[in-house]
Each structure stands twice: as structure tokens, then as C-alpha cells.
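Let's walk through this model together, from the overall fold down to single residues. Keep the viewer open and turn things as we go.

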Amino acid sequence: MRINETYEHDSILSCSPQGEESCPIGSGCNKISAQCVDVSAPMTLMPTASIGTVNISCQGSPTVTCVTDPAGTSCAVTMTQQICVSVPVRYGVTMTAGDPTIACAPGAPGCSCSA
């Protein structure tokens, strides 16, 4: 992740092209350096699901089975009906952002940051 920010500062005075030694005494020395940093933006994703009104409708006619017990004293009747169950579901995700962090990148390998 890259962060682009502009910082306001006093303009830096430049010295003559002969090098640092030719700068007036007490004027200081201007250098530019760069540092790679690792910036993390943690986030937590949580699923959501809400169920709407369930609709049920019969499909065709029921089937009926009847079985008489061996002694002839009772019958087991089973009715089976095919039904269509319609369940509307809305799926989603919510996100909670955490506090971002920053850390100095370890060493120069892989860092191509230049001033």
C-alpha cells in the first residue's frame, strides 16, 4: 500500500555545484534521504445473511401408502406430498477497519525507494 502526502516546509537553500565545502560557513548542508516503510491497514470482514418470508406451495397430488399389520389389528397410513419451499436470502459482508500501523522496512533489499 502506498501513501501519497504532501508536506509543507521552508525551501531548502542550495549550495554551489562545487560541493559541500563551498557552502558558506554556518549555512548547513542539504541532503535528501529516503526510507521504505511498511504500512498496514487491518480490516475484519464479517458475513451477513437475512432471510425473507418463506413461501410454500404443493406440487401435484400426494401419494398414499397403507400397510396392514400381520395380525390385522391396525393399518399404518403414510401420506407423502411434494412441496416447493422458496426461501429468499440476502447475503452480504460488513467490514470494520482497524487502526493503521507503520514500521520501518527491514534493510534495503527489495526497497527501491529513492529521493
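A residue is called buried when its relative accessible area is under 20%, exposed when it is over 50%, and partly exposed in between (1.4 Å probe, protein chains only). Take Ser 33 as a starting example: its relative accessibility is 70%, so Ser 33 counts as exposed. You'll find Ser 33 in the segment before strand S1 (37-40). Along the sequence Ser 33 and Cys 113 are 80 residues apart, yet their C-alpha atoms sit 9.5 Å from each other.

A word on the ground rules. This is a predicted model, where local features need pLDDT of at least 70 and side-chain atom pairs count only at pLDDT 80 or more, while totals for chains, interfaces and linings use all residues. Residues are numbered from 1 along each chain as its sequence is written, and side-chain values use heavy atoms, with hydrogens and water left out.

Now step back to the whole protein. There are zero helices and six strands, so the pattern along the sequence reads β-β-β-β-β-β; helices (H or I, at least four residues) and strands (E, at least two) are DSSP runs, numbered from the N terminus. Of the 115 residues in the protein, 3% are buried. The accessible surface is about 10,300 Å², and carbon and sulfur atoms own 57% of that; such areas come from the Shrake-Rupley method with a 1.4 Å probe, and for residues only the protein chains shown count as cover. As for contacts (heavy atoms within 4.5 Å), take those with a separation of 6 or more: 72% of them link residues 24 or more positions apart.

Next, look at how strands pair up, which takes at least two DSSP bridges between them. Strand S3 (residues 55-68) and strand S4 (residues 75-86) run antiparallel and are joined by eleven bridges. One of the partnerships to pick out is Thr 65 with Thr 78 in S4. The two strands make a hairpin with six residues between them, and Gly 72 in the turn has a positive phi of about 75 degrees. Ser 74 is also in the loop between S3 and S4. Ser 74 counts as partly exposed because its relative accessibility is 39%. Beyond its neighbours within four places in sequence, Ser 74 is in contact with Val 67, Thr 68 and Asp 69.

S3 has little cover: zero of its 14 residues are buried. Strand S2 (residues 43-51) is likewise hardly covered, with a buried count of zero among its nine residues. S2 runs antiparallel to S5, and nine bridges join them. Within that pair, Met 43 stands opposite Ala 97 in S5.

What about greasy surface? Ile 51, Val 54, Ile 56, Ile 83, Val 85, Val 87, Val 89 and Tyr 91 make a nonpolar surface patch of about 780 Å². Patches are made of residues with over 30% relative accessible area and no salt bridge, with like charges joined within 9 Å and nonpolar side chains (Val, Leu, Ile, Met, Phe, Trp, Tyr) within 5 Å. A salt bridge here is a side-chain nitrogen of Lys or Arg within 4 Å of a carboxyl oxygen of Asp or Glu. S4 and strand S5 (89-97) each supply at least two of the patch residues. Ile 56 belongs to strand S3, and Ile 56 counts as exposed because its relative accessibility is 58%.

Finally, the cysteines. How many disulfides does the structure hold? The count is zero, where a disulfide is a pair of cysteine sulfur atoms within 2.5 Å. Cys 66 is in no disulfide, and the nearest cysteine sulfur, that of Cys 75, is 4.1 Å away. Cys 104 lies in strand S6 (residues 101-104) and has a relative accessible area of 62%, so Cys 104 is exposed. Setting aside residues up to four places away in sequence, Cys 104 touches Gln 35, Cys 36 and Val 37. Cys 104 and Asp 38 are 66 residues apart in sequence but 6.2 Å apart in space, C-alpha to C-alpha.
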